[in-house]
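Please open the model in your viewer and keep the selection tool at hand, since this tour moves from one selection to the next and says what is to be found at each stop.

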Amino acid sequence: MNSLRRNFGTTLVYMQFEKRLWKTLRTTNPVERYQQEVRRRTIPMRSFANDRSRERMVYAIVAGVDPDVPM
């Protein structure tokens, strides 16, 4: 979240191009896959105890760790 907050402006760079190109420029397949996996894993949970628990879940998904298996 901190990275997103610090770099949010760079996520909007695609808007400097023609609108017809936005969808192609703003996403990539790997990013979409991570977003899809995060939604698939977190939506059924509905809520988290705090921001830290949500961040741990997202990190585990991106790192390829199964968050349901204790380390």
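A residue is called buried when its relative accessible area is under 20%, exposed when that area is over 50%, and partly exposed in between. By that cut-off Glu-18, at 48% relative accessibility, counts as partly exposed, and the same three words are used at the stops below. Please bear in mind throughout that this is a predicted model.

**The whole chain**

Begin by colouring the chain by secondary structure, which comes to four helices and zero strands, so that the elements run α-α-α-α from the N terminus on. Of the 71 residues in the chain, 13% count as buried. If you then show the accessible surface, it comes to about 6400 Å², with 55% of it belonging to carbon and sulfur atoms.

**The nonpolar patch**

Next select Met-1, Leu-4, Phe-8, Leu-12 and Met-15, which form a nonpolar patch on the surface and together have about 470 Å² of accessible area. Within this selection, pick out Leu-4, which has its place in helix α1, residues 2-7. Leu-4 counts as partly exposed because its relative accessibility is 43%.

**The salt bridges**

Now turn to the charged side chains, among which the count comes to three salt bridges.

Start with Glu-18, the residue met at the opening of the tour, and show Arg-20 with it: their side chains meet in a salt bridge, at 2.9 Å from N to O. While Glu-18 is partly exposed at 48%, Arg-20 counts as exposed, with a relative accessibility of 65%.

Move on to Glu-37 and Arg-40, whose side chains meet in a salt bridge at 2.6 Å, N to O. Both belong to helix α3 (residues 29-42), and because they are three residues apart there, about one helical turn separates them. Is Glu-37 buried or exposed? Its relative accessible area is 14%, and therefore Glu-37 is buried.

For the remaining stop of this kind, select Arg-54 and Asp-51, which form a salt bridge with their closest N and O atoms 2.2 Å apart. Here too the two residues are three apart in a helix, this time α4 (residues 51-63), so that Arg-54 and Asp-51 are separated by about one helical turn. Arg-54 is partly exposed, with a relative accessible area of 36%, and Asp-51 is also partly exposed, at 45%.

**The largest pocket**

With the side chains still shown, look for the largest pocket, which has a volume of about 700 Å³. The elements that give two or more residues to its lining are α1, α2 (22-26), α3 and α4. Which residues should be selected to find its centre? Of the 19 residues that line the pocket, Met-1, Leu-4, Val-31, Gln-35 and Val-58 lie nearest the centre; Met-1 and Leu-4 were already selected as part of the nonpolar patch. Colouring the lining by residue class divides it into 10 nonpolar, five polar and four charged residues.

Stay for a moment with Val-31, which is found in helix α3 and counts as partly exposed because its relative accessibility is 40%.

**Two distances to draw**

From Val-31, draw a line between its C-alpha atom and that of Val-62: the two residues are 31 apart along the chain, and their C-alpha atoms are separated by 9.9 Å.

Finally, select Tyr-59, which has its place in helix α4 and is exposed, with a relative accessible area of 58%. How far is Tyr-59 from Val-38 in sequence, and how far in space? The two are 21 residues apart in sequence, while the distance in space, from C-alpha to C-alpha, is 9.5 Å.

Notes:
Residues numbered from 1 in each chain as written. Predicted model: local features only at pLDDT ≥ 70, side-chain atom pairs only at ≥ 80, totals over all residues. Heavy atoms only, no water. Patch = residues over 30% accessible without salt bridge, like charges linked within 9 Å, V, L, I, M, F, W, Y side chains within 5 Å. Areas by Shrake-Rupley, 256 points an atom, 1.4 Å probe, with all protein chains shown as cover. Salt bridge = Lys/Arg side-chain N within 4 Å of Asp/Glu carboxyl O. Buried < 20%, exposed > 50% of the residue type's maximum accessible area, 1.4 Å probe, protein only. 1 Å grid on protein atoms, 1.4 Å probe; cavity = no way out; pocket = protein on both sides within 12 Å on 5 of 7 lines; lining within 4 Å. Points joined across faces, edges and corners; volume = space filled by probe spheres on them. Nonpolar A, V, L, I, M, F, W, Y, C, P; charged D, E, K, R; others polar.
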